[in-house]
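Trainee: I am new to this structure. Can we go through it in short steps?
Mentor: Gladly. Have the sequence and the model in view, and ask away.

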Amino acid sequence: MAERGAEAAAGPAGDTGFVREKRQVVKPSQEPGDIYVTRNSSFQGQKQKCLSLLAKGQNEIHLHAIGPAIVRAINLALTLVEESVGTLATSPTTSTVQLVDELTPLDDEGIPRSEVRANSAIAIRVYKLDAETYVQRRSRSKTEATADTETGDDASANDKPGKSKKKKRNRSAAPVAGQTQAGAAGGGDDGERKRKSVDMQRARAVAEESRKASAAVESKPTH
């Protein structure tokens, strides 16, 4: 998961008081394609690192983040995909990790202890599309654009007086027949894209919940 620095927070006045130090999280993987996103990491710097890895022949990279940094990781992944002109895709996976905080007493009477809490995490696989999938998507996009144009033309023609209803039905039916086979061939890919879109929306929701939970823990007094 994303690397966490040590942050201290004293307990409230009037009780024994502790200093909370967040133990550094162990990274699950340290391969060249693993990028760990934190709240303090440079967005542009990590973006350039990802592009550099992909340009050097890396077929996929993995973005890791926990807690509030999840939103940054999602934005980074979406930026890479949008700027790739259709050559990249994403596959996010959410999970829960256990974080350990060390509580050190401020006086000699207190007893040091550890506190375990859960936090949300995400791993986003950003990968290159194979040539066949890329061509299929480009072809389908052009087909959809052409169909939208023809539909617009039909709508304009139908607004003109003197056009019979039968002729309007015939003209609108032509592109539909041609689209049936293309839809059947690319239906599975469309479903995959919709599933990934839903996954990213869920990841955003997890990120927001994680941010609120993290803020609550930071403001929670230690005893």
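Trainee: Is strand β3 largely enclosed by the rest of the structure or not, and how many of its residues are buried?
Mentor: Keep in mind that this is a predicted model. Strand β3 covers residues 60–66, seven in number. The strand is largely enclosed by the rest of the structure, because the buried residues in it number five of the seven.

Trainee: Which way do β2 and β3 run, parallel or antiparallel?
Mentor: Strand β2 spans residues 34–36, and three bridges join it to β3. Tyr36 stands opposite His64 in β3. Between the two strands the chain passes through helix α1, residues 43–55, in a right-handed β-α-β crossover. The two strands run parallel.

Trainee: Which residue stands opposite Ile61 in β5?
Mentor: Strand β5 takes in residues 113–128. Seven bridges join it to β3, and the two run antiparallel. The residue opposite Ile61 is Val126.

Trainee: Which residue forms a salt bridge with Arg20?
Mentor: Side chains of opposite charge can pair when their charged atoms come close. For Arg20, the closest N and O atoms of the pair are 2.8 Å apart. Arg20 is in strand β1 and its partner in strand β4, so the bridge ties together parts 81 residues apart in sequence. The partner is Asp101.

Trainee: Is Asp101 buried or exposed?
Mentor: Buried means under 20% relative accessible area. Arg20 meets that cut-off at 5%. Asp101 has 0% relative accessibility, so it counts as buried.

Trainee: Which residues are linked with Arg20 and Asp101 in a network of salt bridges?
Mentor: A search of the whole structure finds six salt bridges. Arg20 and Asp101 belong to a network of them. The other members are Glu115 and Arg117.

Trainee: Which residue pairs with Lys47 in a salt bridge?
Mentor: Lys47 lies in helix α1, and the partner lies in helix α2, 36 residues apart. Lys47 is buried at 10% relative accessible area, whereas the partner is partly exposed at 48%. The closest N and O atoms are 2.9 Å apart, and the partner is Glu83.

Trainee: What is the phi of Val85, roughly?
Mentor: Most residues other than glycine have a negative phi. Val85 is not a glycine, yet its phi is positive. Val85 sits in the loop between α2 and β4, and it counts as exposed at 57% relative accessibility. Its phi is about 55°.

Terms used
Residues numbered from 1 in each chain as written. Predicted model: local features only at pLDDT ≥ 70, side-chain atom pairs only at ≥ 80, totals over all residues. Heavy atoms only, no water. Helix = DSSP H or I, 4+ residues; strand = E, 2+ residues; numbered from the N terminus. Buried < 20%, exposed > 50% of the residue type's maximum accessible area, 1.4 Å probe, protein only. Pairing = 2+ DSSP bridges. Right-handed = clockwise from strand over helix to strand, strands pointing away. Salt bridge = Lys/Arg side-chain N within 4 Å of Asp/Glu carboxyl O.
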